[in-house]
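Got your viewer open? Let's take a walk through this protein, one selection at a time.

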Amino acid sequence: MAAISFFGDLLQTISDRGRDLIGIARGDIAARADPSELVRLCEDLISRRGEASGVALARAILDRYATLSKAERLDFLRHIAIDFDADHAAVNAAIAAYRTDPTRARLGLLHEAAEPRSQELIRRLNLARDGTLALVRMREDLFDLRKSLQEDPASIPDLVDAVASLDRDFEHLFASWFNRGFLVLRHIDWTTPAHILEKIIRYEAVHEIADWADLRRRIEPKDRRCFAFFHPALADEPLIFVEVALTDAIAPAIAPILSQERTPLSPRAFNTAIFYSISNCQKGLAGVTFGNFLIKQVVEDLAREIPSLKTFVTLSPVPGFSAWLERERRADVPQGLTREDVEALRLLDEPDWSTDKTKADAVRKALIPAAAAYFLRAKNPRGRPLDPVARFHLGNGARLERINFLGDVSRKGLRQSHGLMVNYLYDLSAIEKNHETYANLGTISASPGVSRELRANLPPPRAVALAEA
């Protein structure tokens, strides 16, 4: 951390001295904050050769960007998307040269010509102190711009394509800057600095942390763990974190894990590690993979620390299930339900179904087979499981182990999955095999118990099923 601080101070010194070279004073930021002016400064930035002036100009651009209103920031990003494209004449010339002389050197020149100027702009903006975090936040604005363009039927197709291309530039560079070699795993406990713990509370995306006492119950007891990935450029900003319960059995429900009244388990009884919450913290890093590295490293570290642990599973939400089931129930020819199931599931429309034992039992008989169809048959246009959490864990090499009826009876759980939760098993001896068969063949690894729940009298699965919710 001292080295990071020294490097940051060095960049700040370079930036301060560089301001004199570009004629921008510290107090001259807000007065000249304007999208068109920022675009001009960006043109200046990528044309400069001097390091000091470049660092100073990059910081000035990011400082001014931060003073813009939301509408002005989106306007700035529109200009960057359109104006900082590749030089198409240079690309055509490089293509012609490569066709004449198809050497590796010519291919390298073609690659250079085809790179959008926006990529070089992003690299140079990253020179500024705290530039990486500012760029992550800038990409969050870019997501909002993409969404607004997609929802506007009058959007110009060329602009939509340009903004999508700019987003790919960010993702491409972030994937390099945030690769596994730069990530640092930290154990989050009650001695972790308060400003980081506060962010854990704020970023929890699966099971809301109510207050500091709730956080303490999740990270202080000996049978609870929390781990997070950090990056040197975002030293106090967690990228992703996982909460773990150390137990003596696979848990079918979340309430006992989060209960305020529970009695912590003795370490001598630990044989199962349950990953019950995984939260991505930085929206601007969407598309950059962290979770698979996090889970696998935490599994390795826990197995080394506690040899008695033999089972590693998740207790996962099923965020897309309710939406899929609603479409199935209304479909003329359901793909995952029988007519009898459709009739039984009418009980889901009654507000007390989950607390009435008779109704809940009737729903269970139809809901579990429907969930098996959802996991084993429902696909997105790419032929992968429709459920995003399933895609993540199956892609990591996990096995769909168990479907848990009324595993989450919170308002959120009932709304998004009618209370369903699932366990994905990380069998250390089968992870690589499961990953390879899923990646290459799309094969879903599922336990016999899950496979047996699938109805035998369903219609043949479609080649490409419903689009993602």
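Here is a tour in seven stops, each with something to select and something to look for. Keep in mind that this is a predicted model.

**Stop 1: the two annotated regions**

Start by selecting residues 84–178 and giving them a colour. An unreviewed UniProt entry labels this stretch "domain: Malonyl-CoA decarboxylase N-terminal". What share of it is helix, and what share is strand? The chain here is 79% helix and 0% strand. Its end C-alpha atoms sit 24 Å apart.

Now pick another colour for residues 181–427. UniProt's label for these, again from an unreviewed entry, is "domain: Malonyl-CoA decarboxylase C-terminal". This stretch has 36% helix and 17% strand, with 25 Å between its end C-alpha atoms.

**Stop 2: a serine in helix α7**

Select S118, which you'll find in helix α7. Is S118 buried or exposed? S118 has a relative accessibility of 3%, so it counts as buried. Show what surrounds it: setting aside residues within four places in sequence, S118 is in contact with I80, F84, L166 and D169.

**Stop 3: two backbone oddities**

Before the next selection, a bit of background. Most residues other than glycine have a negative phi. Now go to D130, in the loop between α7 (117–125) and α8 (131–151). D130 isn't a glycine, yet its phi is positive, near 60°. With 52% relative accessibility, D130 counts as exposed.

Then jump to L406, in the loop between β6 (399–404) and α18. L406 isn't a glycine either, and its phi is positive too, at about 50°.

**Stop 4: one face of helix α14**

Select residues 321–330, which make up helix α14. Which of its residues are buried? They are F321, S322, W324, L325, E328 and R329. Turn the view until you look straight down the axis of α14: the buried residues fall within an arc of 160°, so they line one face of the helix.

What do those buried residues pack against? Add α15 (339–344), α16 (357–376) and α18 (411–417) to your selection, and you have the helices they pack against.

**Stop 5: the nonpolar cores**

Keep F321 on screen and add F178 and F375. These three have the most contacts inside the largest nonpolar core, which has 101 residues. Which element gives this core its largest share? That's α16, with 12 residues.

Zoom in on F375. Leaving out residues up to four places away in sequence, it touches V318, D387, A390, L400, I403, V422, Y424 and I444.

There's also a second, separate core to find, with 14 residues. Select I188, I196, L215 and A228, which are among its members.

**Stop 6: rings meeting rings**

A pair of aromatic rings is described by the distance of the centres and the angle of the planes. This model has 11 aromatic pairs. For one of them, show the side chains of F321 and Y374. Their ring centres are 5.4 Å apart and their planes are at 70°, so the pair is edge-to-face. The pair links distant parts of the chain, since F321 belongs to helix α14 and Y374 to helix α16, 53 residues apart. F321 is buried, at 0% relative accessible area, and Y374 is buried as well, at 1%.

Add F375 again. The rings of Y374 and F375 have centres 5.3 Å apart and planes at 70°, so this pair is edge-to-face as well. Both Y374 and F375 are buried.

Next, select F170, F174, W177, F178 and F290, which form one aromatic cluster. You've already met F178 as one of the residues with the most contacts in the largest core.

**Stop 7: two cysteines that don't bond**

A disulfide is a covalent bond between the sulfur atoms of two cysteines. How many disulfides are there here? The count is 0. To see an example of cysteines without one, select C226 and C281. The closest cysteine sulfur to that of C226 is in C281, 9.1 Å away, which is too far for a bond. C281 is in no disulfide either.

Are these two buried or exposed? C226 has 0% relative accessibility, so it counts as buried. C281 counts as buried too, at 7%.

Technical notes. Residues are numbered from 1 along each chain as its sequence is written. This is a predicted model: local features need pLDDT of at least 70, side-chain atom pairs count only at pLDDT 80 or more; totals for chains, interfaces and linings use all residues. Side-chain values use heavy atoms; hydrogens and water are left out. Buried means under 20% relative accessible area, exposed over 50%, partly exposed in between (1.4 Å probe, protein chains only). Helices (H or I, at least four residues) and strands (E, at least two) are DSSP runs, numbered from the N terminus. The arc is that of the directions from the helix axis to the C-beta atoms. Contact means heavy atoms within 4.5 Å. UniProt positions are given in the numbering used here, feature names are shortened, and annotations may be inferred rather than shown by experiment. A nonpolar core is a set of buried Ala, Val, Leu, Ile, Met, Phe, Trp, Tyr and Cys residues joined through side-chain atoms within 4.5 Å. A disulfide is a pair of cysteine sulfur atoms within 2.5 Å. Rings of Phe, Tyr and Trp (its six-membered ring) pair if their centres lie within 6.5 Å; planes under 30 degrees apart count as stacked, over 60 as edge-to-face and the rest as tilted.
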